[in-house]
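Open your viewer and get ready to click through a few selections. Each stop below tells you what to pick next and what to look for once it is highlighted.

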Amino acid sequence: MTENRRTLHLLCGKIAAGKSTLAAKLAAADNTVLIAEDAWLAALFSEQLQQPKDYLRCAKKLRSAMNLHVVELLNAGVSVVLDFQGNTIESRAWMRDLLDQTDADHQFHVLMPPDEVCLARLRARNENGVHPFAVSEEQFHHISAYFVPPTPDEGFNLVIHDQS
């Protein structure tokens, strides 16, 4: 990554892995904007999000709406921290499409703390009520079954964050 070049920061990690915390730190850089999936989903679709299938439907709509916006920000010279999950091959294909529409640099941040750490953070997050969505441990395990970490052959510049 070249200093002072716009960068698209992408994130991957299970629920409560620390993606949004890292996203906020990355977004503190000059000329950088944070786009957080959970905040947008809560604002636009909170009453519709009851089941994992609801998330899939609403997230697809949100990604479609964000395509041009993210590309235009990058092409205008603004770095973007995209706090959207890159946990599946499908979600990463969308992210790859964004990159292909710009010549911005990118970093794909991968957070993989053990499930016990994520679950402890999830319980704390649910208790303090700051996050827009409460997720049960059952839902954590259900959703985590779809988690597929990125591989080098996907062509992303992977940045592995060792968290235990």
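## A first stop: glutamine 48

Glutamine 48 counts as partly exposed, because its relative accessibility is 29%. Keep in mind as you look that this is a predicted model. You will find glutamine 48 in the loop between α2 and α3 (52–75). Now show its surroundings: apart from neighbours within four places in sequence, glutamine 48 is in contact with Asp54, Arg57 and Cys58. For a distance label, pick the C-alpha atoms of glutamine 48 and cysteine 58, which are 10 residues apart along the chain and separated by 8.2 Å.

## Zoom out to the whole chain

Switch to a cartoon view of the full protein. How many helices and strands are there in the protein? The protein has six helices and five strands, and along the sequence they follow the pattern β-α-β-α-α-β-α-β-α-α-β. The radius of gyration of the protein is 15 Å, close to the 15 Å that the globule rule gives for 164 residues, so the protein is as compact as a globular protein of that length. If you draw a box along the principal axes, the C-alpha atoms fill roughly 40 × 35 × 30 Å.

Next, try a surface. The protein exposes about 8,900 Å², and carbon and sulfur atoms supply 54% of that area. Of the 164 residues, 44% count as buried. Contacts also reach far along the chain: among those between residues at least 6 apart in sequence, 75% join residues at least 24 apart. If you colour by charge, there are 15 positive and 21 negative charges, and their mean positions are 3 Å apart.

## Select helix α1 and its cover

Pick residues 19–27, which make up helix α1, and show side chains for its buried residues: Lys19, Leu22, Ala23, Leu26 and Ala27. These buried residues cover an arc of only 135° around the axis, which puts them on the same side of α1. The spacing has a simple background: an α-helix has 3.6 residues a turn, so residues three or four places apart point the same way.

What covers the buried residues of α1? Add the strands to your selection, as the cover includes β1 (7–12), β2 (32–36), β3 (79–85), β4 (105–111) and β5 (158–161).

## Either side of α1: two positive phi values

Now step to the loops that flank this helix. Most residues other than glycine have a negative phi, which makes the next two selections worth a click.

- Alanine 16 lies in the loop between β1 and α1. Its phi is positive, about 65°, although alanine 16 is not a glycine. Alanine 16 is buried, with a relative accessible area of 10%.
- Asparagine 31 sits in the loop between α1 and β2. Its phi is near 55°, again a positive value in a residue other than glycine. Asparagine 31 is partly exposed, with a relative accessible area of 49%.

## On to helix α2

Select residues 37–45 for helix α2, where aspartate 38 is found. Is aspartate 38 buried or partly exposed? With a relative accessible area of 24%, aspartate 38 is partly exposed. Draw a C-alpha to C-alpha line from aspartate 38 to phenylalanine 133: the two are 95 residues apart in sequence and 7.8 Å apart in space.

In the same helix, Glu37, Leu41 and Phe45 are buried. These three cover an arc of only 30° around the axis, which puts them on the same side of α2. Highlight β2, α3 and β3 to see what the buried residues of α2 pack against.

## Two last selections

Asparagine 75 belongs to helix α3 and counts as partly exposed, at 44% relative accessibility. Leaving out residues up to four places away in sequence, asparagine 75 touches Arg6, Gln101, Thr102 and Asp103. The C-alpha atoms of asparagine 75 and aspartate 103 are separated by 7.7 Å, with their places 28 residues apart along the chain.

Finish at glutamate 137, in helix α6 (residues 137–144). Glutamate 137 is partly exposed, with a relative accessible area of 34%. Which residues does glutamate 137 touch, not counting those up to four places away in sequence? They are Leu119 and Arg123. For a closing distance, take the C-alpha atoms of glutamate 137 and glutamate 90: they are 47 residues apart along the chain and separated by 24 Å.

Definitions and conventions:
Residues are numbered from 1 along each chain as its sequence is written. This is a predicted model: local features need pLDDT of at least 70, side-chain atom pairs count only at pLDDT 80 or more; totals for chains, interfaces and linings use all residues. Side-chain values use heavy atoms; hydrogens and water are left out. Helices (H or I, at least four residues) and strands (E, at least two) are DSSP runs, numbered from the N terminus. The radius of gyration is taken over C-alpha atoms; the globule rule is 2.2 Å times the number of residues to the power 0.38. Buried means under 20% relative accessible area, exposed over 50%, partly exposed in between (1.4 Å probe, protein chains only). Contact means heavy atoms within 4.5 Å. Accessible areas come from the Shrake-Rupley method with a 1.4 Å probe; for residues, only the protein chains shown count as cover. Lys and Arg count as positive and Asp and Glu as negative; His and the chain ends are not counted. The place of a charge is taken as NZ of Lys, CZ of Arg, CG of Asp or CD of Glu. The arc is that of the directions from the helix axis to the C-beta atoms.
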